[in-house]
Amino acid sequence: MGSINWIKEVEKRKKDLITDLQGLLKIESVLDENHATEDAPLGVNVKQALDYMLKLGEKDGFTPKNTGNVAGHLEMGSGDGLIGVLGHVDVVPAGDGWSVNPFEGIIKNSKIFARGAIDDKGPTMAAYYAMKIIKELELPLEKRVRLIIGTDEESKWRCVDHYFKHEEMPDMGFAPDADFPIINAEKGIADFDLVQIGQVTNDQPSTISLLSFVSGLRYNMVPDKAKAVLDVKENHTELMQTYNDFLNSQDLQGQYYVESGYSIIELEGVSAHGSEPDKGKNAGLLLASFLSTVDLDKKGMSFVSAAVDFFFGDSRGRNLGVQYKDEISGELTINVGIISYNEQDGGKFGLTMRYPVTFNMEEGLKTFTKTVKEKGFSVANFSDSKPHHVPENSELIQVLKNVYEIQTHDPASLMAIGGGTYARSLKSGVAFGALFPGRPDVAHQKDEYMELDDLVKATAIYAQAIYELAREK
(Lines give C-alpha, C1' and ligand atoms only; values in the text may rest on other atoms or scores of the structure.)
Protein backbone atom coordinates (compact mmCIF):
# COMPACT_ATOMS: atom_id res chain seq x y z
CA MET A 1 0.00 0.00 0.00
CA GLY A 2 1.30 3.43 -0.92
CA SER A 3 2.03 6.20 1.54
CA ILE A 4 -1.08 7.74 3.07
CA ASN A 5 -1.43 11.52 3.33
CA TRP A 6 -3.22 11.57 6.66
CA ILE A 7 -3.72 15.35 6.74
CA LYS A 8 -5.33 15.23 3.32
CA GLU A 9 -7.69 12.48 4.48
CA VAL A 10 -8.74 14.60 7.47
CA GLU A 11 -9.25 17.70 5.32
CA LYS A 12 -11.68 15.72 3.13
CA ARG A 13 -13.80 15.14 6.23
CA LYS A 14 -13.17 18.44 8.06
CA LYS A 15 -16.68 19.82 7.61
CA ASP A 16 -18.30 16.66 8.99
CA LEU A 17 -15.73 16.51 11.79
CA ILE A 18 -16.65 20.01 12.95
CA THR A 19 -20.39 19.40 12.60
CA ASP A 20 -20.26 16.20 14.65
CA LEU A 21 -18.09 17.90 17.26
CA GLN A 22 -20.54 20.81 17.56
CA GLY A 23 -23.36 18.33 18.13
CA LEU A 24 -21.43 16.84 21.04
CA LEU A 25 -20.40 20.24 22.46
CA LYS A 26 -24.03 21.36 22.61
CA ILE A 27 -24.77 18.71 25.25
CA GLU A 28 -24.29 20.13 28.76
CA SER A 29 -22.77 16.91 30.05
CA VAL A 30 -21.95 18.00 33.60
CA LEU A 31 -22.24 15.44 36.41
CA ASP A 32 -25.75 15.75 37.88
CA GLU A 33 -26.53 13.01 40.39
CA ASN A 34 -29.37 15.07 41.85
CA HIS A 35 -31.38 14.36 38.71
CA ALA A 36 -30.05 10.88 38.00
CA THR A 37 -32.26 8.06 36.76
CA GLU A 38 -31.81 4.31 36.59
CA ASP A 39 -30.74 4.64 32.96
CA ALA A 40 -28.65 7.75 33.62
CA PRO A 41 -26.88 7.26 36.97
CA LEU A 42 -24.59 10.27 36.45
CA GLY A 43 -27.25 12.58 35.02
CA VAL A 44 -29.42 12.72 31.93
CA ASN A 45 -27.12 15.04 29.97
CA VAL A 46 -24.06 12.92 30.67
CA LYS A 47 -25.89 9.86 29.38
CA GLN A 48 -27.02 11.86 26.35
CA ALA A 49 -23.38 12.59 25.45
CA LEU A 50 -22.51 8.88 25.72
CA ASP A 51 -25.50 7.95 23.56
CA TYR A 52 -24.50 10.58 21.01
CA MET A 53 -21.12 8.94 20.45
CA LEU A 54 -22.48 5.39 20.42
CA LYS A 55 -25.19 6.28 17.90
CA LEU A 56 -22.70 8.15 15.73
CA GLY A 57 -20.42 5.11 15.72
CA GLU A 58 -23.22 2.71 14.95
CA LYS A 59 -24.28 4.89 11.99
CA ASP A 60 -20.71 4.82 10.66
CA GLY A 61 -20.40 1.05 10.91
CA PHE A 62 -18.54 0.55 14.18
CA THR A 63 -19.65 -2.03 16.74
CA PRO A 64 -21.08 -0.09 19.71
CA LYS A 65 -21.49 -1.27 23.28
CA ASN A 66 -22.99 0.50 26.28
CA THR A 67 -21.46 -0.62 29.59
CA GLY A 68 -23.73 0.17 32.52
CA ASN A 69 -24.84 3.54 31.12
CA VAL A 70 -21.61 5.09 32.46
CA ALA A 71 -19.18 4.06 29.72
CA GLY A 72 -19.11 2.37 26.35
CA HIS A 73 -16.97 1.63 23.33
CA LEU A 74 -16.88 1.64 19.56
CA GLU A 75 -14.89 -1.20 18.04
CA MET A 76 -13.41 -2.01 14.65
CA GLY A 77 -11.10 -4.72 13.30
CA SER A 78 -10.53 -8.31 14.34
CA GLY A 79 -7.87 -10.42 16.00
CA ASP A 80 -6.74 -11.31 19.49
CA GLY A 81 -4.84 -8.11 20.16
CA LEU A 82 -6.61 -4.94 21.34
CA ILE A 83 -5.59 -1.27 21.09
CA GLY A 84 -7.51 1.13 23.35
CA VAL A 85 -8.10 4.85 22.88
CA LEU A 86 -9.73 6.36 25.96
CA GLY A 87 -11.62 9.66 25.82
CA HIS A 88 -14.33 11.25 27.94
CA VAL A 89 -17.47 13.24 27.18
CA ASP A 90 -18.25 14.67 30.62
CA VAL A 91 -17.15 18.24 31.37
CA VAL A 92 -16.66 20.48 34.39
CA PRO A 93 -19.27 23.22 35.01
CA ALA A 94 -18.98 26.17 32.64
CA GLY A 95 -18.75 28.84 35.34
CA ASP A 96 -19.27 32.54 34.65
CA GLY A 97 -17.64 35.13 32.43
CA TRP A 98 -17.86 33.51 29.00
CA SER A 99 -18.01 35.74 25.93
CA VAL A 100 -20.01 33.07 24.05
CA ASN A 101 -22.55 30.39 24.93
CA PRO A 102 -20.37 27.65 26.51
CA PHE A 103 -22.61 24.91 25.10
CA GLU A 104 -22.93 25.85 21.46
CA GLY A 105 -19.60 25.29 19.72
CA ILE A 106 -19.22 28.79 18.29
CA ILE A 107 -16.45 29.19 15.69
CA LYS A 108 -14.54 32.46 15.50
CA ASN A 109 -10.94 33.37 14.71
CA SER A 110 -10.32 29.79 13.49
CA LYS A 111 -11.14 28.40 16.94
CA ILE A 112 -14.09 26.42 18.26
CA PHE A 113 -15.28 27.69 21.67
CA ALA A 114 -17.17 25.56 24.19
CA ARG A 115 -16.82 23.84 27.51
CA GLY A 116 -15.13 20.58 26.57
CA ALA A 117 -13.60 21.87 23.33
CA ILE A 118 -10.10 20.85 24.45
CA ASP A 119 -11.07 18.78 27.53
CA ASP A 120 -12.03 16.35 26.17
CA LYS A 121 -14.74 16.37 23.50
CA GLY A 122 -12.57 17.86 20.75
CA PRO A 123 -9.74 15.33 21.19
CA THR A 124 -12.23 12.46 21.60
CA MET A 125 -13.92 13.39 18.33
CA ALA A 126 -10.49 13.65 16.69
CA ALA A 127 -9.75 10.09 17.80
CA TYR A 128 -13.15 8.96 16.51
CA TYR A 129 -12.51 10.46 13.09
CA ALA A 130 -9.05 8.91 13.09
CA MET A 131 -10.69 5.49 13.41
CA LYS A 132 -13.30 6.47 10.82
CA ILE A 133 -10.60 7.30 8.28
CA ILE A 134 -8.89 3.93 8.79
CA LYS A 135 -12.22 2.16 8.42
CA GLU A 136 -13.27 4.06 5.31
CA LEU A 137 -9.89 3.45 3.67
CA GLU A 138 -10.34 -0.27 4.46
CA LEU A 139 -6.80 -0.51 5.79
CA PRO A 140 -5.79 -4.05 6.89
CA LEU A 141 -5.52 -4.50 10.67
CA GLU A 142 -4.38 -7.49 12.68
CA LYS A 143 -5.66 -6.09 15.99
CA ARG A 144 -8.97 -4.72 17.16
CA VAL A 145 -9.27 -1.04 18.04
CA ARG A 146 -11.66 0.38 20.60
CA LEU A 147 -12.56 3.97 21.29
CA ILE A 148 -13.52 3.69 24.97
CA ILE A 149 -15.81 6.50 26.09
CA GLY A 150 -16.05 7.57 29.73
CA THR A 151 -18.52 9.89 31.44
CA ASP A 152 -17.07 10.51 34.92
CA GLU A 153 -13.47 11.53 34.28
CA GLU A 154 -13.93 14.95 35.88
CA SER A 155 -15.15 13.41 39.12
CA LYS A 156 -14.64 9.90 40.52
CA TRP A 157 -13.76 7.78 37.46
CA ARG A 158 -16.66 5.43 38.14
CA CYS A 159 -16.99 5.02 34.37
CA VAL A 160 -13.64 3.34 33.71
CA ASP A 161 -13.77 1.50 37.03
CA HIS A 162 -17.04 -0.07 35.95
CA TYR A 163 -15.91 -0.57 32.36
CA PHE A 164 -12.80 -2.58 33.19
CA LYS A 165 -14.68 -4.77 35.65
CA HIS A 166 -16.77 -5.97 32.72
CA GLU A 167 -14.61 -5.48 29.61
CA GLU A 168 -11.25 -6.56 28.27
CA MET A 169 -8.10 -4.64 29.17
CA PRO A 170 -6.32 -3.39 26.01
CA ASP A 171 -2.79 -4.57 25.38
CA MET A 172 -1.75 -0.95 25.05
CA GLY A 173 -3.26 2.41 24.20
CA PHE A 174 -3.42 6.13 24.73
CA ALA A 175 -5.67 8.86 26.08
CA PRO A 176 -6.15 11.97 23.89
CA ASP A 177 -6.70 14.15 26.96
CA ALA A 178 -3.56 16.12 27.73
CA ASP A 179 -0.50 17.48 25.87
CA PHE A 180 1.60 16.50 22.89
CA PRO A 181 4.14 15.04 22.42
CA ILE A 182 3.87 12.10 24.88
CA ILE A 183 3.11 11.99 28.60
CA ASN A 184 4.52 8.76 29.98
CA ALA A 185 4.40 9.67 33.69
CA GLU A 186 1.42 10.86 35.70
CA LYS A 187 1.58 11.86 39.33
CA GLY A 188 -0.53 10.14 41.93
CA ILE A 189 -3.80 11.85 42.75
CA ALA A 190 -5.07 11.91 46.32
CA ASP A 191 -8.40 13.66 46.93
CA PHE A 192 -9.53 14.24 50.50
CA ASP A 193 -11.10 16.66 52.95
CA LEU A 194 -9.72 18.47 55.96
CA VAL A 195 -12.51 18.76 58.51
CA GLN A 196 -12.42 21.16 61.44
CA ILE A 197 -12.81 19.06 64.59
CA GLY A 198 -11.41 21.30 67.28
CA GLN A 199 -14.00 22.58 69.74
CA VAL A 200 -13.38 26.31 69.43
CA THR A 201 -15.77 28.49 71.40
CA ASN A 202 -16.33 32.19 70.99
CA ASP A 203 -15.54 33.11 74.57
CA GLN A 204 -13.90 36.43 73.70
CA PRO A 205 -15.68 39.53 72.41
CA SER A 206 -15.23 40.45 68.76
CA THR A 207 -16.79 43.02 66.47
CA ILE A 208 -17.21 40.61 63.51
CA SER A 209 -18.65 37.08 63.40
CA LEU A 210 -18.07 34.79 60.42
CA LEU A 211 -21.43 33.15 59.70
CA SER A 212 -20.57 31.31 56.48
CA PHE A 213 -17.92 30.96 53.81
CA VAL A 214 -18.18 29.22 50.43
CA SER A 215 -15.75 28.85 47.55
CA GLY A 216 -15.16 26.31 44.80
CA LEU A 217 -17.01 23.59 42.89
CA ARG A 218 -14.52 20.77 42.34
CA TYR A 219 -11.36 19.43 43.93
CA ASN A 220 -9.54 19.68 40.59
CA MET A 221 -10.39 23.32 39.88
CA VAL A 222 -8.87 26.48 41.35
CA PRO A 223 -11.91 28.41 42.70
CA ASP A 224 -12.63 31.66 40.90
CA LYS A 225 -15.38 32.83 43.29
CA ALA A 226 -15.61 33.20 47.07
CA LYS A 227 -18.27 34.58 49.37
CA ALA A 228 -18.37 35.24 53.10
CA VAL A 229 -21.34 36.29 55.21
CA LEU A 230 -20.47 38.36 58.27
CA ASP A 231 -22.33 39.74 61.28
CA VAL A 232 -20.61 43.11 61.68
CA LYS A 233 -21.55 44.76 64.96
CA GLU A 234 -19.86 48.10 64.35
CA ASN A 235 -17.68 50.08 61.92
CA HIS A 236 -19.28 48.82 58.69
CA THR A 237 -17.80 51.70 56.72
CA GLU A 238 -14.31 51.11 58.05
CA LEU A 239 -14.45 47.40 57.14
CA MET A 240 -15.75 48.20 53.66
CA GLN A 241 -12.91 50.65 53.07
CA THR A 242 -10.35 48.16 54.38
CA TYR A 243 -11.67 45.54 51.97
CA ASN A 244 -11.60 47.91 49.02
CA ASP A 245 -8.01 48.83 49.88
CA PHE A 246 -7.16 45.12 49.96
CA LEU A 247 -8.71 44.55 46.53
CA ASN A 248 -6.83 47.48 45.05
CA SER A 249 -3.51 46.45 46.57
CA GLN A 250 -3.88 42.91 45.18
CA ASP A 251 -5.34 43.99 41.82
CA LEU A 252 -8.48 41.94 42.47
CA GLN A 253 -12.19 42.34 41.79
CA GLY A 254 -14.85 41.95 44.46
CA GLN A 255 -17.67 43.65 46.28
CA TYR A 256 -19.00 44.42 49.74
CA TYR A 257 -22.69 44.91 50.37
CA VAL A 258 -25.29 44.57 53.11
CA GLU A 259 -28.25 42.21 52.81
CA SER A 260 -30.86 41.46 55.50
CA GLY A 261 -28.65 43.13 58.08
CA TYR A 262 -25.56 41.02 57.28
CA SER A 263 -22.42 42.05 55.44
CA ILE A 264 -21.62 40.07 52.29
CA ILE A 265 -18.07 40.02 50.97
CA GLU A 266 -17.40 38.52 47.53
CA LEU A 267 -14.13 38.06 45.67
CA GLU A 268 -13.22 37.00 42.14
CA GLY A 269 -10.12 34.95 41.38
CA VAL A 270 -8.89 33.13 38.30
CA SER A 271 -9.79 29.50 37.66
CA ALA A 272 -7.24 26.91 36.50
CA HIS A 273 -6.78 23.16 36.57
CA GLY A 274 -6.08 21.86 40.06
CA SER A 275 -2.93 20.06 38.97
CA GLU A 276 -1.19 23.44 38.58
CA PRO A 277 -2.72 25.73 41.23
CA ASP A 278 -0.24 28.55 40.67
CA LYS A 279 -1.64 29.14 37.18
CA GLY A 280 -4.80 30.52 38.80
CA LYS A 281 -5.76 32.82 41.67
CA ASN A 282 -7.58 30.95 44.43
CA ALA A 283 -10.48 33.22 45.38
CA GLY A 284 -11.16 31.28 48.58
CA LEU A 285 -7.62 31.54 49.91
CA LEU A 286 -7.41 35.20 48.96
CA LEU A 287 -10.63 36.01 50.80
CA ALA A 288 -9.48 33.97 53.80
CA SER A 289 -6.22 35.92 53.85
CA PHE A 290 -8.18 39.18 54.08
CA LEU A 291 -10.47 37.91 56.83
CA SER A 292 -7.46 36.78 58.85
CA THR A 293 -6.50 40.47 59.25
CA VAL A 294 -9.78 41.70 60.80
CA ASP A 295 -11.30 41.37 64.29
CA LEU A 296 -13.05 38.06 63.62
CA ASP A 297 -14.69 35.81 66.19
CA LYS A 298 -12.46 33.08 67.65
CA LYS A 299 -14.04 30.14 65.79
CA GLY A 300 -14.08 31.95 62.45
CA MET A 301 -10.51 33.15 62.97
CA SER A 302 -9.40 29.58 63.68
CA PHE A 303 -10.79 28.55 60.30
CA VAL A 304 -9.38 31.36 58.15
CA SER A 305 -6.03 31.20 59.95
CA ALA A 306 -5.78 27.51 59.09
CA ALA A 307 -6.46 28.34 55.44
CA VAL A 308 -3.65 30.89 55.47
CA ASP A 309 -1.18 28.86 57.54
CA PHE A 310 -1.70 25.64 55.59
CA PHE A 311 -2.14 26.84 52.03
CA PHE A 312 -1.81 30.55 51.28
CA GLY A 313 1.15 31.16 48.98
CA ASP A 314 2.14 27.50 49.23
CA SER A 315 0.89 25.01 46.66
CA ARG A 316 3.87 22.68 47.23
CA GLY A 317 3.06 21.33 50.69
CA ARG A 318 5.94 23.06 52.46
CA ASN A 319 3.80 24.25 55.37
CA LEU A 320 2.39 20.75 55.80
CA GLY A 321 5.71 18.95 55.76
CA VAL A 322 5.13 17.03 52.52
CA GLN A 323 7.17 19.00 49.98
CA TYR A 324 8.71 16.53 47.51
CA LYS A 325 10.19 16.35 44.01
CA ASP A 326 11.63 13.67 41.75
CA GLU A 327 13.27 13.65 38.30
CA ILE A 328 10.54 11.53 36.70
CA SER A 329 7.49 13.61 37.51
CA GLY A 330 8.47 16.86 39.23
CA GLU A 331 6.99 18.52 42.32
CA LEU A 332 4.15 17.61 44.63
CA THR A 333 1.26 20.10 44.43
CA ILE A 334 -1.81 20.75 46.56
CA ASN A 335 -4.95 22.52 45.32
CA VAL A 336 -7.65 23.78 47.67
CA GLY A 337 -10.61 23.25 45.36
CA ILE A 338 -13.51 23.58 47.82
CA ILE A 339 -13.70 25.70 50.96
CA SER A 340 -16.78 25.82 53.19
CA TYR A 341 -17.64 27.04 56.67
CA ASN A 342 -20.71 27.63 58.77
CA GLU A 343 -21.02 28.94 62.30
CA GLN A 344 -22.55 25.74 63.66
CA ASP A 345 -20.40 22.99 62.10
CA GLY A 346 -17.10 24.70 61.45
CA GLY A 347 -15.04 24.46 58.28
CA LYS A 348 -13.85 22.06 55.63
CA PHE A 349 -11.24 22.14 52.86
CA GLY A 350 -11.56 19.88 49.82
CA LEU A 351 -8.09 19.10 48.48
CA THR A 352 -6.39 17.36 45.59
CA MET A 353 -2.76 16.40 46.10
CA ARG A 354 -0.78 15.49 42.97
CA TYR A 355 2.30 13.61 44.14
CA PRO A 356 5.41 12.37 42.26
CA VAL A 357 5.94 8.80 41.10
CA THR A 358 8.50 8.02 43.83
CA PHE A 359 6.69 9.78 46.71
CA ASN A 360 5.84 7.56 49.70
CA MET A 361 2.16 8.39 50.20
CA GLU A 362 1.80 6.31 53.35
CA GLU A 363 4.53 8.24 55.16
CA GLY A 364 3.44 11.54 53.65
CA LEU A 365 -0.12 11.07 54.86
CA LYS A 366 1.10 10.37 58.40
CA THR A 367 3.07 13.63 58.41
CA PHE A 368 0.17 15.55 56.88
CA THR A 369 -2.36 14.16 59.38
CA LYS A 370 -0.16 14.99 62.36
CA THR A 371 0.41 18.56 61.20
CA VAL A 372 -3.25 19.42 60.59
CA LYS A 373 -4.35 17.75 63.86
CA GLU A 374 -2.32 20.31 65.77
CA LYS A 375 -4.62 23.02 64.38
CA GLY A 376 -7.85 21.14 65.03
CA PHE A 377 -8.38 19.40 61.68
CA SER A 378 -8.66 15.77 60.60
CA VAL A 379 -8.37 13.99 57.25
CA ALA A 380 -11.60 12.50 55.85
CA ASN A 381 -12.92 10.95 52.63
CA PHE A 382 -9.44 9.98 51.44
CA SER A 383 -9.11 8.45 47.96
CA ASP A 384 -5.91 7.69 46.11
CA SER A 385 -5.14 7.01 42.45
CA LYS A 386 -1.57 5.69 42.28
CA PRO A 387 1.08 7.20 39.99
CA HIS A 388 1.54 5.83 36.47
CA HIS A 389 4.74 5.40 34.44
CA VAL A 390 5.54 3.71 31.11
CA PRO A 391 9.24 3.22 30.21
CA GLU A 392 10.58 5.00 27.14
CA ASN A 393 11.75 1.77 25.48
CA SER A 394 8.22 0.32 25.29
CA GLU A 395 6.76 -0.51 21.87
CA LEU A 396 3.88 1.90 22.49
CA ILE A 397 6.10 4.91 23.09
CA GLN A 398 8.45 4.09 20.24
CA VAL A 399 5.53 3.94 17.75
CA LEU A 400 3.96 7.17 19.02
CA LYS A 401 7.29 9.01 18.97
CA ASN A 402 7.88 8.01 15.37
CA VAL A 403 4.39 9.07 14.26
CA TYR A 404 4.53 12.41 16.04
CA GLU A 405 7.89 13.28 14.52
CA ILE A 406 6.74 12.31 11.03
CA GLN A 407 3.60 14.44 11.28
CA THR A 408 5.06 17.51 13.02
CA HIS A 409 8.79 17.39 12.17
CA ASP A 410 9.44 18.17 15.84
CA PRO A 411 11.12 15.96 18.46
CA ALA A 412 8.76 13.79 20.51
CA SER A 413 10.02 14.43 24.02
CA LEU A 414 8.54 12.63 27.01
CA MET A 415 6.76 14.53 29.77
CA ALA A 416 5.22 14.08 33.20
CA ILE A 417 2.03 15.77 34.45
CA GLY A 418 0.12 16.34 37.65
CA GLY A 419 -3.23 15.86 35.99
CA GLY A 420 -4.75 12.44 35.76
CA THR A 421 -5.79 10.93 32.44
CA TYR A 422 -7.42 7.66 31.55
CA ALA A 423 -3.95 6.43 30.53
CA ARG A 424 -3.39 5.44 34.15
CA SER A 425 -6.31 3.01 33.97
CA LEU A 426 -4.43 1.01 31.31
CA LYS A 427 -1.70 -1.50 32.06
CA SER A 428 0.33 0.09 29.27
CA GLY A 429 -1.00 3.52 28.37
CA VAL A 430 0.17 7.09 27.86
CA ALA A 431 -1.47 10.47 27.34
CA PHE A 432 -1.01 11.64 23.76
CA GLY A 433 -2.22 15.15 22.93
CA ALA A 434 -4.24 16.94 21.89
CA LEU A 435 -2.77 20.24 23.18
CA PHE A 436 0.24 21.15 21.05
CA PRO A 437 3.40 22.73 22.47
CA GLY A 438 3.12 26.50 22.77
CA ARG A 439 -0.67 26.56 22.95
CA PRO A 440 -2.20 28.00 26.14
CA ASP A 441 -3.89 25.46 28.38
CA VAL A 442 -7.48 26.70 28.61
CA ALA A 443 -9.03 23.53 30.02
CA HIS A 444 -11.45 24.29 32.89
CA GLN A 445 -11.29 28.02 32.08
CA LYS A 446 -13.87 30.41 30.66
CA ASP A 447 -13.85 30.68 26.86
CA GLU A 448 -12.25 27.24 26.52
CA TYR A 449 -11.41 26.55 22.89
CA MET A 450 -9.53 24.37 20.43
CA GLU A 451 -7.74 25.65 17.33
CA LEU A 452 -9.36 24.15 14.22
CA ASP A 453 -5.94 23.59 12.65
CA ASP A 454 -4.95 21.65 15.77
CA LEU A 455 -8.12 19.58 15.56
CA VAL A 456 -7.18 18.57 12.01
CA LYS A 457 -3.54 17.92 12.85
CA ALA A 458 -4.40 15.86 15.95
CA THR A 459 -6.83 13.75 13.95
CA ALA A 460 -4.11 12.98 11.41
CA ILE A 461 -1.64 12.05 14.14
CA TYR A 462 -4.19 9.77 15.83
CA ALA A 463 -5.11 8.12 12.54
CA GLN A 464 -1.53 7.20 11.72
CA ALA A 465 -0.80 6.19 15.33
CA ILE A 466 -3.79 3.86 15.56
CA TYR A 467 -2.97 2.36 12.20
CA GLU A 468 0.69 1.74 13.11
CA LEU A 469 -0.28 0.13 16.42
CA ALA A 470 -2.95 -2.14 14.93
CA ARG A 471 -1.80 -2.77 11.33
CA GLU A 472 -0.77 -6.07 9.81
CA LYS A 473 2.95 -6.50 10.38
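Rings of Phe, Tyr and Trp, the last by its six-membered ring, count as a pair when their centres lie within 6.5 Å. In this predicted model, Phe 213, Phe 303, Phe 310, Phe 311, Tyr 341, Phe 349 and Phe 377 form one aromatic cluster.

**Aromatic pairs**

By this rule the structure holds 27 aromatic pairs. One of them joins Phe 174 to Tyr 462; the ring centres are 5.4 Å apart, the planes meet at 25°, and the pair is stacked. This pair links distant parts of the chain, with Phe 174 in strand β7 (residues 172–175) and Tyr 462 in helix α11 (residues 452–470), 288 residues apart. Both Phe 174 and Tyr 462 are buried.

The rings of Phe 192 and Phe 368 also pair, with 5.2 Å between their centres; the planes stand at 85°, so the arrangement is edge-to-face, the cut-off for that class being over 60 degrees. Here too distant parts of the chain are linked: Phe 192 belongs to strand β10 (residues 188–196) and Phe 368 to helix α9 (residues 361–373), with their positions 176 residues apart in the numbering. Phe 192 is buried at a relative accessible area of 1%, and Phe 368 is likewise buried at 1%.

**Charges over rings**

Two lysines have their charged ends placed over aromatic rings, as listed below.

| Charged residue | Ring | Distance to ring centre |
|---|---|---|
| Lys 111 | Tyr 449 | 5.3 Å |
| Lys 135 | Phe 62 | 5.6 Å |

**Helix α5**

Helix α5 spans residues 158–166, and its buried residues are Cys 159, Val 160, Tyr 163 and Phe 164. They lie on the same side of α5, because the arc they cover around the axis is only 110°. An α-helix has 3.6 residues a turn, so residues three or four places apart point the same way. Among the elements covering the buried residues of α5 are the strands β1 (63–67), β2 (71–76), β3 (82–88) and β6 (144–150). Lys 165 and His 166 are exposed and sit on the face of α5 turned away from its buried side.

**Strand β11**

Strand β11 (residues 208–215) is largely enclosed by the rest of the structure, because six of its eight residues are buried. It pairs with two strands, β12 and β17. With β12 (residues 225–232) the direction is antiparallel and seven bridges are made; within this pairing Val 214 stands opposite Lys 227. With β17 (residues 333–342) the sense is again antiparallel, over four bridges. On that side Ser 212 is opposite Asn 342 of β17.

**Val 430**

Val 430 lies in strand β22 (residues 429–431). Its relative accessibility is 0%, so Val 430 counts as buried; the cut-off is under 20%. Apart from neighbours within four places in sequence, Val 430 is in contact with Gly 173, Phe 174, Ala 175, Ile 182, Ile 183, Asn 184, Val 390, Leu 396, Ile 397, Leu 400 and Ala 423. Phe 174, one of these contacts, is the residue stacked on Tyr 462. Ile 339 is 91 residues from Val 430 along the chain, and the C-alpha atoms of the two are separated by 33 Å.

Methods: Residues numbered from 1 in each chain as written. Predicted model: local features only at pLDDT ≥ 70, side-chain atom pairs only at ≥ 80, totals over all residues. Heavy atoms only, no water. Buried < 20%, exposed > 50% of the residue type's maximum accessible area, 1.4 Å probe, protein only. Arc of directions from axis to C-beta. Contact = heavy atoms within 4.5 Å. Phe/Tyr/Trp six-rings, centres within 6.5 Å; stacked < 30°, edge-to-face > 60°. Lys NZ or Arg CZ within 6 Å of the ring centre and 35° of its normal. Pairing = 2+ DSSP bridges.
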